[in-house]
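Subject: Structure handover

Hi there,

Here is the structure I promised to pass on. Have a look at it first, and then read my notes below.

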Amino acid sequence: AICPYLGYETSRQWRLSARTQSLIKAGKVPDISVKVAQKNFKKSLEKGVLKILSKMGISLLSCYHGAQIFEAYGLGKDVMDMCFKGTVSRIGGMSLADLQRESESLWAKGFPQKAMTKLEDYGFIQSKPKGEFHSNNQTMAKLLHKAIGLGNGSAADKDAYKAYQQHFADRRGRLRDCLEFKSDRGPISIDQVEPAAAIMERFCTGGMSLGAISCETHEQIAIAMNRIGGKSNSGEGGEDPIRWLHLSDVDGEGKSAHRLLPGGLRNGDTATSKIKQVASGRFGVTPEYIMNAEQMEIKIAQGAKPGEGGQLPGQKVSPYIAQLRRSKPGVPLISPPPHHDIYSIEDLAQLIYDLHQVNPRAKVSVKLVAEAGIGVVASGVAKANADIIQVSGHEGGTGASPISSIKHAGGPWEMGLAETHQTLVPNELRERVVLPVDGGVRNGRDVLMAALMGADEFGFGTVAMIATGCIMARVCHTNNCPVGVASQREELRARFPGAPEDLVNYFHFVAEEVRAELANLGYRSLDEVIGRADLLKQRSVKLAKTEGLDLSFLTTFAGASGKSSTRRAQEVHDNGPQLDDRILAEPEVMAAIKDHKPCPRPSSRNVDRPARPVAGVYRQAPRRQRLPGKVMTLTGSAGQSFGCFCVKGLEVKLVGEANDYVGKGMNGGIAIVPPANSPFKPEEASLLGNTCLYGATGGRLFVNGRAGERFAVRNSLAEAVVEGAGDHCCEYMTGGCVIVLGSVGRNVAAGMTGGLGYFLDEDGSFTDKVNTEIVSVQRVITKAGEAQLRGLLEAHVAHTGSAKAKSLLANWEASLGKFWQLVPPAEKNTAEVKPLGGAAGGGWRSA
């Protein structure tokens with residue numbers, strides 16, 4: 001395997017496999033010099049270091065040196081003190097002598113007594129019969145499919161599920177495999193243990209997006225979880241609005257309003273995901289999406305690939321997926337690791353506030369990654385008023401992850417969960433939050449282990465996909481899933497074998513396994529054992545690599561918390577009385593909403609955060625009352641998140657100024673103008689803070705003033721006109737239209753894959769500020785583009801009275817020549833611009 005990289009001359013010294021020799025003879029292995037091979041090797045090392053730097057959010061190599069950003073799992077004190085002084089290693093492990101023995105055993109295999117006909121495959125990436133153990137493998141998938149009766153829910157087999165359990169019983173691949181239960185009381189009858197239905201209510205599924213998996217898989221997981229009283233997670237790809245309806249009008253054939261699902265639907269079924277994810281890309285995060293959630297999950301990172309965002313290849317972005325994500329078909333969609341409205345714990349608290357304000361009935365959760373220090377972070381999240389803190393481990397979600405992440409990133413949830421629970425309890429914060437855990441939970445033993453370490457709820461990801469028919473082909477990212485579980489190709493989706501009953505059967509088996517273990521321990525419910533790590537002990541494992549492990553950290557009892565797990569799960573935090581509530585309490589305001597008339601003009605102060613000025617109530621009004629038109633005008637200085645998640649049909653005007661996050665996730669209309677007696681020129685005054693219009697899914701924003709940095713980041717469909725902006729304008733934009741009538745900062749349009757931008761360049765400096773890695777820059781040379789630009793400027797004048805826009809329109813022919821148009825790849829064949837024939841990279845002409 002290494003010969004093609006080292007070169008033909010060097011490879012003569014190796015015992016070559018028959019395949020490698022045939023490749024050399026065929027001329028498919030380049031005959032390169034040692035010098036070139038070394039240069040290639042150096043380049044690959046540099047790319048690897050840059051990959052790690054980017055995952056950790058580090059820009060400079062000097063900041064990487066001595067940064068102590070790693071945690072070691074399974075290395076002993078002598079190794080750490082000699083080689084990695086100062087690096088965290090909490091559970092000990094292999095000594096230098098152990099490492100020497102393992103290295104010698106591998107070295108010896110390079111010099112076998114008999115010549116090898118082929119190189120040995122250790123199964124590091126894909127499961128091999130004699131290779132490294134993979135918890136998710138084809139044998140496990142077959143056992144599970146037989147147990148649940150895949151495609152025939154009535155054929156569930158208890159004996160087959162016992163074989164599935166036994167598959168994991170003799171394996172030692174995870175920290176929890178080195179633990180066993182102990183009890184301080186005698187066993188009880190299983191009839192005295194809480195029913196399986198109560199246990200299944202604690203089950204949820206991981207954040208698998210519609211796009212990464214097929215709509216059939218996504219919907220059947222949701223239907224199954226709703227049937228058992230659990231919660232499915234939408235992932236970061238949005239959700240079809242029709243799934244929010246109760247399927248109460250199901251006919252005898254099992255047809256829903258939008259699609260026939262295998263296995264049929266029961267009367268009263270719902271296909272909605274109770275957990276709606278809010279990731280950095282904000283794909284499909286509309287106001288209606290949030291209003292139809294029972295829980296909103298802010299995904300800070302993914303356990304299987306921390307430091308990397310979700311990555312959906314272009315071939316999986318079908319027209320249906322693109323519609324849900326407010327993008328264009330065939331365009332790769334990436335959720336970058338950072339949320340651009342979260343750069344501190346205060347920013348996270350603001351987003352939690354916003355989501356609570358828009359949907360007060362729903363819980364807000366924050367998904368964190370299991371790593372050293374998670375306890376301190378979790379304490380801040382609890383104080384930021386989150387209801388739920390999700391602890392995610394490295395084992396899950398590896399279907400389409402990069403190899404470097406599958407093998408070398410993330411940590412076991414056992415460590416993260418134990419630290420989180422043990423930190424929250426003494427700080428008297430544990431009773432404020434629910435702790436779910438995910439990342440490789442596969443059976444009842446895993447569930448009970450997690451409960452004893454402090455988990456209230458339990459997430460199932462990959463195994464839930466396997467229960468719907470996944471066969472672990474590991475081609476998720478190619479759109480070629482042979483059973484249609486992780487493909488958007490219709491001919492492959494037609495092979496999808498699963499039904500909601502299959503997943504229900506699986507969770508019922510898991511719940512019954514938990515009940516049996518509880519009965520053996522002598523406890524009647526999970527409430528009684530959650531956080532009881534003293535009921536765990538380290539087991540004796542006769543493996544050289546595990547002899548040095550010290551798992552006392554996982555078996556430390558942190559003490560009792562103030563509330564039961566069930567009580568915590570029933571509580572939802574709120575923001576207390578806010579300006580929105582005072583506005584909605586005014587009779588004339590409610591009358592104005594009902595009759596759709598202009599409202600009285602309330603005042604706002606900087607400490608007020610009108611995140612949803614009447615939007616929540618307006619959203620629930622009958623459709624006949626939700627008509628376009630001005631609803632409310634405010635005066636003064638608005639605090640953070642003015643008009644965020646503003647709904648379609650609602651228009652809000654502010655006479656004054658606003659702070660950060662204006663119009664975040666909006667789908668309505670917002671206009672901001674300075675007071676009539678303002679001494680500043682509007683085009684020179686900043687009326688908006690940073691990160692405005694982030695993740696907007698529609699509507700219009702008109703501002704007679706400048707915006708701060710990161711304006712219109714991840715804008716999906718909104719149209720906006722502002723009179724200036726700071727750095728990183730239009731970053732990661734996928735749709736909509738942005739017009740800037742003044743100067744801008746650097747790095748314009750970085751990662752912009754869709755939408756259009758129009759920028760007035762009065763001093764000739766604009767083109768030097770554009771990140772041209774993706775977008776093209778051209779003058780407005782099409783009639784459609786000119787009409788779009790002029791129409792929005794006229795609307796800008798109508799809403800704000802902008803003097804600058806009036807001047808530009810009054811001298812239109814001269815003004816048009818000063819505008820630049822940004823054209824990303826997704827817009828090259830739109831009505832505004834079409835590529836010229838001939839060589840790639842040519843100019844653009846009118847459609």
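Let me start with one pair of helices: α17 and α18 are roughly parallel to each other, because their axes cross at roughly 30° and angles under 35 degrees count as roughly parallel (over 145 is roughly antiparallel, 65 to 115 roughly perpendicular, and the rest oblique). Those axes come within 9 Å; axes here are lines fitted to C-alpha atoms, for helices over the stretch in contact, with angles from 0 to 180 degrees between N-to-C directions. On the α17 side, W413, E414, L417, A418 and H421 meet D446, A450 and M453 of α18, where contact means heavy atoms within 4.5 Å. By class, these residues divide into 5 nonpolar, 1 polar and 2 charged. For the classes, Ala, Val, Leu, Ile, Met, Phe, Trp, Tyr, Cys and Pro count as nonpolar, Asp, Glu, Lys and Arg as charged, and the others, Gly among them, as polar.

Before going further, please keep in mind that this is a predicted model, in which local features need pLDDT of at least 70 and side-chain atom pairs count only at pLDDT 80 or more, while totals for chains, interfaces and linings use all residues. Residues are numbered from 1 along each chain as its sequence is written, and side-chain values use heavy atoms, with hydrogens and water left out.

The overall picture

The chain has 28 helices and 28 strands; these are DSSP runs numbered from the N terminus, with helices being H or I of at least four residues and strands E of at least two. Of the 847 residues in the chain, 55% are buried, meaning under 20% relative accessible area (exposed is over 50%, partly exposed in between, with a 1.4 Å probe and protein chains only). Among contacts with a separation of 6 or more, 63% are between residues 24 or more positions apart.

Two covered helices

Back to α17, which runs over residues 413–424: 12 of its 12 residues are buried. Its cover includes α15 (374–383), β13 (388–392), β14 (436–438) and α18 (444–453). From first C-alpha to last, α17 reaches 16 Å, close to the 16 Å expected for its 12 residues; the expected span is 1.5 Å times one less than the number of residues.

Helix α14 (residues 345–358) is also largely enclosed by the rest of the structure, since 11 of its 14 residues are buried. Among them are D347, L348, Y353 and V358. The end C-alpha atoms of α14 are 20 Å apart, which agrees with the expected 20 Å.

Two oblique crossings

The axes of α11 (residues 215–228) and α21 (residues 500–521) come within 8 Å and cross at roughly 50°, so the two helices are oblique to each other. Their crossing is right-handed; the term applies if the near helix is turned clockwise from the far one by less than a right angle, and left-handed if anticlockwise. In this contact, Q220, I221, I223, A224, M225, R227 and I228 of α11 come together with P500, E501, L503, V504 and F507 of α21. These residues comprise 9 nonpolar, 1 polar and 2 charged.

Further along, α26 (residues 783–800) and α27 (residues 803–810) have axes that come within 9 Å and cross at roughly 140°, which makes α26 oblique to α27. This crossing is left-handed. R790, L793, E794, H796 and V797 of α26 make the contact with A805, K806 and L809 of α27, and the split here is 4 nonpolar, 1 polar and 3 charged.

Some single residues to look at

- E236 sits in the loop between β5 (231–233) and β6 (246–247) and is buried at 10% relative accessible area. Its C-alpha is 7.0 Å from that of R282, 46 residues apart along the chain.
- R568, in helix α22 (residues 565–570), is buried at 4% relative accessible area. Beyond its neighbours within four places in sequence, its contacts include E431, D456 and K563.
- N385, in the loop between α15 and β13, has a positive phi near 80° and is buried at 18%.
- R714, in the loop between β21 (700–703) and β22 (719–722), has a positive phi near 55° and is buried at 1%.

As background to the last two, most residues other than glycine have a negative phi.

Best wishes
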